[in-house]
Amino acid sequence: MGSARSQKLSTSNDMVPVEGFVEVDIPADKLWRLFARPKLWPRWNRCFVWAYNTTLVKGEHLLWCFGPIKRWYPYVMPAIANIVELEPGRKVTWEVTALPGFYAHHTYSVDPLPGDRSRFGSWEKATGASFSRMKRFWLAHFNFVKDRSLEGVRALETIYRREGSLYSITEQRDPVSSMKDAALTALSAVAPLWFYRRYVRREAVQLAPGVHAVLGGGGNSLVIENGGEALVVDTKFPPGSDQLAKWVRKNIKSPVTKVVNTHYHYDHTQGNENYPKATIIAHERTPGYMLEQDGDYWNDHLGGLPSAGVSNDRQTVTVGDKTVHLLYPGPAHTRADIVVYLPDYKILAVGDLFFHTYYPFFDCSRAGVAIPGIIESIRRVAKTFPDARVVPGHGPIANISDFQKYAEYLEHLADTVRTALDAGQDEREAVRTIDLSAWNRRVLPSFHLHRLSWGTRENNIRNVYRVLAAEREGATLLSARPPADAGAQIGGAA
Ligand SMILES: [Zn+2]
């Protein structure tokens with residue numbers, strides 16, 4: 001909490017903190033136990049329409065949506081904060097930094113009072129240029145949040161007096177999930193500019209003469225131009241795919257004759273049809289996975305399916321007089337990834353073998369992630385190209401040691417989940433006990449099939465838990481079957 005910004009906040013005169021408290025007839029431990037489950041906030045605190053986290057963990061991101069200040073205003077406001085202080089049972093502080101020129105701390109506290117009572121407090125303060133510019137809006141918002149929070153706790157007191165517990169709030173079945181969908185739909189419709197800027201903004205980086213990485217707006221893309229033709233690695237998905245095509249038209253003089261898909265996922269492939277004259281190249285299993293996993297989309301867009309298949313052996317294509325290697329790294333992020341290497345410039349595009357700075361997505365389908373395959377694949381590729389510059393599937397340009405560090409993250413994640421499985425923990429316990437904050441990863445939102453999904457600590461743990469648990473179950477099933485059958489099973493799953 002000693003950061004320069006939090007120092008500045010504590011001495012800032014931009015605003016008087018917005019604070020308030022209520023004293024209620026609820027024991028502090030019971031109130032805290034409910035408060036510490038953000039997912040349930042919308043059930044008792046009307047300033048929230050949706051919250052993602054199931055628990056409060058120091059160092060983790062907190063994701064939620066505020067409802068509008070007036071019930072009839074047509075917006076919800078997504079928010080992301082970092083939990084910077086957590087005193088279990090007593091208080092939590094998060095900082096909001098996602099808006100440029102806006103820095104805020106919000107503390108909620110629960111203090112025990114004699115006679116099984118408690119005092120619930122809310123304290124908030126902000127500083128920064130964009131805060132000052134819209135100070136009236138923000139102060140109204142902070143007061144709205146404080147008032148709704150205190151009101152909510154008052155309402156809990158009524159329930160507690162009547163029922164002797166807060167059980168009816170925690171066990172309520174579930175008006176919230178449809179609310180959540182509604183909130184997410186609204187979120188995707190009105191996501192404010194900063195959200196777009198932070199997560200969807202496209203950025204082009206020249207890596208070598210005629211070689212550009214176009215980052216963001218879906219999976220990262222690599223564009224290689226030489227000798228009157230061009231190759232695009234990964235074509236993003238709408239609307240980022242259309243922005244990429246526009247960027248290519250503007251900045252690349254030569255026609256795109258080849259497209260490479262590093263793997264079948266929509267955010268790397270749904271822009272394929274923007275290059276109708278190109279040969280679309282992918283691993284030979286990829287078109288099958290596209291139709292099998294995302295058939296709803298691809299059956300209507302057959303022209304975007306890869307027409308040239310790379311097998312498990314190394315292959316090369318050319319762009320002008322540049323050689324481009326296409327390599328199959330083994331089962332990894334999916335069961336059919338391709339890694340692209342440009343030997344002339346030592347540039348390596350690894351697709352989603354690498355989420356740099358972000359929590360990754362795990363595809364738990366039959367076509368999806370292999371654990372520990374992905375870790376082994378990363379290490380093998382890193383060893384083969386020790387001084388390459390790396391274009392990750394998501395996140396900024398990196399080097400090989402960043403790539404190796406990512407393998408360490410995955411290994412740590414798999415090891416801790418395995419330990420949880422060995423200890424007989426269920427998925428929820430694993431989510432509660434595994435701490436990934438030291439890895440300092442950021443959440444990564446994505447829209448798929450008109451729904452917003454997130455790469456987060458929680459679903460990283462959940463997904464790896466599911467993959468490893470299914471593997472164990474599979475192993476038990478296999479050992480119980482006659483050998484011939486087992487062979488067919490292994491062949492089928494490959
Ligand atoms: Zn992917």
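The bend of a helix at a residue is the angle between two fitted axes, one through the seven residues ending there and one through the seven starting there. The exercises below apply to a predicted model.

**Exercise 1.** Determine how far helix 11 departs from a straight helix, and where it bends.

*Solution.*
Step 1. Helix 11 covers residues 286–298, which is 13 residues.
Step 2. At 1.5 Å a residue, a straight helix would reach 18 Å.
Step 3. The end C-alpha atoms of helix 11 are only 12 Å apart, short of that span.
Step 4. A bend of about 70° is found at Glu292.

**Exercise 2.** Identify the buried residues of helix 11 and the elements against which they pack.

*Solution.*
Step 1. A residue counts as buried if 20 or more other C-beta atoms lie within 10 Å of its own.
Step 2. In helix 11 the buried residues are Thr286, Pro287, Tyr289, Met290 and Trp298.
Step 3. Their packing partners are helix 10 (266–269) and strand 13 (279–283).

**Exercise 3.** Describe the open sheet that contains strand 13, and explain why strand 8 and strand 14 each have one side without a neighbour.

*Solution.*
Step 1. The seven strands follow the order 8-9-10-11-12-13-14, and their pairing is mixed.
Step 2. Strand 8 (203–208) and strand 14 (308–310) lie at the edges; each has a single partner strand, so one side of each has no neighbour in the sheet.
Step 3. From one strand to the next, the twist averages 20°.
Step 4. Five bridges pair strand 8 with strand 9 (residues 211–215) in the antiparallel sense. The bridge partner of Gln206 in strand 9 is His212.

**Exercise 4.** Establish the strand order of the sheet that contains strand 1, and find the helices that pack on that sheet.

*Solution.*
Step 1. This open sheet has seven strands in the order 1-7-6-5-4-3-2, with antiparallel pairing.
Step 2. Its edges are strand 1 (18–24) and strand 2 (48–51); because each has a single partner strand, one side of each is left without a neighbour in the sheet.
Step 3. The twist averages 25° from one strand to the next.
Step 4. Strand 3 (residues 61–66) and strand 4 (residues 77–87) run antiparallel and are joined by six bridges. Opposite Trp64, in strand 4, stands Ala79.
Step 5. Helix 1 (residues 4–11) lies across strand 5 (91–96), strand 6 (103–113) and strand 7 (117–127), at about 75° to strand 6.
Step 6. Helix 5 (residues 135–163) also packs on the sheet, where it touches strand 1 and strand 7. The direction of helix 5 makes about 5° with that of strand 1.

Technical notes:
Residues are numbered from 1 along each chain as its sequence is written. This is a predicted model: local features need pLDDT of at least 70, side-chain atom pairs count only at pLDDT 80 or more; totals for chains, interfaces and linings use all residues. Helices (H or I, at least four residues) and strands (E, at least two) are DSSP runs, numbered from the N terminus. The expected span of a helix is 1.5 Å times one less than its number of residues. A residue is buried if 20 or more other C-beta atoms lie within 10 Å of its own, exposed if 12 or fewer, and partly exposed in between; C-beta atoms are placed from the backbone. Two residues are in contact if their C-beta atoms, placed from the backbone, lie within 7 Å. Two strands pair if DSSP finds at least two bridges between them. Axes are lines fitted to C-alpha atoms, for helices over the stretch in contact, and angles run from 0 to 180 degrees between N-to-C directions.
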